[in-house]
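Reader: Hi! I'm new to this one and would love a friendly walk through it. Could you put it up on the screen?

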Amino acid sequence: MSIETRKLVGVTLDEASIARRSPDIDHERKVAIFDLLDENHFSPIGDHDGPYHLHLAVAEARLVFDIRNADTTPLGKIILAMSPFRSVIRDYLAVCESYYSAIKTSTPQKIEAIDMGRRGLHNQGSELLMERLKGKIDLDFDTARRLFTLICVLFMKG
């Protein structure tokens, strides 16, 4: 497969899976999708030609990667247990809340310290996602980071 076929050209989130949406959460979602579609490496293992469209959802406490081709013909679903992600998502979302509060009132040093912690948790979640998708979807770290952001959007409240 060429590089052009090992990529996502569309991403949607299951609206029923998303908690209440604030403007900040909606902005996070839009930026993550824009960045993801701008540059990514996404190649499901198997005999599927891309480019791909991905629909992310949470169903029965599981993360669902509904993979389709560019014209949205179903190619298959990858379902991951949420339990390995719960702790890092919970911690990441808590640090995000602290970060959003800090940018309104805190010193630049405090904001930077919180942001470093936020990035560390984000990296941890991205590495876990790559590990859980190994043998199912071939993706690079930057793609995993953007997908982890979208997974977190499914759990953000606000």
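Reader: Let's begin with the largest pocket. How many nonpolar, polar and charged residues are in its lining?
Author: Happy to help! This is a predicted model, by the way. By class, the lining of the largest pocket has 8 charged residues, along with 3 nonpolar and 3 polar ones.

Reader: And which residues lie nearest the centre of that pocket?
Author: Those are Glu-28, Tyr-92, His-122, Arg-145 and Thr-149, out of the 14 residues that line the pocket.

Reader: What volume does the largest pocket have?
Author: Its volume is about 310 Å³.

Reader: Which helices supply at least two residues each to the lining?
Author: Three to look for here: α1 (23–38), α3 (108–133) and α4. The top contributor is α1, which gives 5 residues to the lining of the largest pocket.

Reader: You mentioned α4. What does it lie across?
Author: Helix α4, residues 141–153, lies across β1, β3 (52–59) and β4. Relative to β3, the helix runs at about 35°.

Reader: Nice, that brings us to the strands. What is their order in the open sheet?
Author: The order is β1-β3-β4-β5, an open sheet of 4 strands with mixed pairing. At the edges stand β1 (8–13) and β5 (74–81); each has a single partner strand, so one side of each is left without a neighbour in the sheet. From one strand to the next, the twist averages 20°.

Reader: What holds paired strands together in general?
Author: Strands of a sheet pair through backbone hydrogen bonds, and the pairing can be parallel or antiparallel.

Reader: Okay, so how many bridges do β3 and β4 pair over?
Author: There are 8 bridges between β3 and β4, and the pairing is antiparallel. One example to find on screen is Ala-57, whose bridge partner in β4 is Val-64.

Reader: And on to β5: how many bridges join β4 to it?
Author: Strand β4 (residues 62–69) is joined to β5 by 7 bridges, again with the two running antiparallel. Phe-65 has Ile-78 of β5 as its bridge partner, and Ile-67 stands opposite Gly-76 in β5.

Reader: Why is β4 described as largely enclosed by the rest of the structure?
Author: Because 6 of the 8 residues of β4 are buried.

Reader: Let me switch to the turns. Which residue takes a positive phi near 50° in the hairpin of β3 and β4?
Author: That's Glu-60, in a hairpin with 2 residues between the strands. Ala-61 lies in the loop between β3 and β4 too, and it has a positive phi of about 60° although it is not a glycine.

Reader: How exposed is Ala-61?
Author: Ala-61 is partly exposed, with a relative accessible area of 43%.

Reader: What about the hairpin of β4 and β5: how many residues are between the strands?
Author: There are 4 residues between those strands. Thr-72 is found in the loop there, between β4 and β5. Its phi is near 70°, a positive value in a residue other than glycine. Thr-72 is partly exposed, at a relative accessible area of 40%.

Reader: One last thing, about peptide bonds. Which two residues does a cis peptide bond join?
Author: Look at Gly-50 and Pro-51, where omega is about 5°. You'll find Pro-51 in the loop between β2 (42–44) and β3.

Reader: Great, thanks for the tour!

How values were computed
Residues are numbered from 1 along each chain as its sequence is written. This is a predicted model: local features need pLDDT of at least 70, side-chain atom pairs count only at pLDDT 80 or more; totals for chains, interfaces and linings use all residues. Side-chain values use heavy atoms; hydrogens and water are left out. Two strands pair if DSSP finds at least two bridges between them. Axes are lines fitted to C-alpha atoms, for helices over the stretch in contact, and angles run from 0 to 180 degrees between N-to-C directions. Contact means heavy atoms within 4.5 Å. Buried means under 20% relative accessible area, exposed over 50%, partly exposed in between (1.4 Å probe, protein chains only). On a 1 Å grid over the protein atoms alone, a cavity is a set of points where a 1.4 Å probe fits but cannot get out, and a pocket is an open set with protein on both sides within 12 Å along at least five of seven lines; lining residues have an atom within 4 Å of a point. Grid points are joined across faces, edges and corners, and a volume is the space filled by probe spheres set on the points. Ala, Val, Leu, Ile, Met, Phe, Trp, Tyr, Cys and Pro count as nonpolar, Asp, Glu, Lys and Arg as charged, and the others, Gly among them, as polar.
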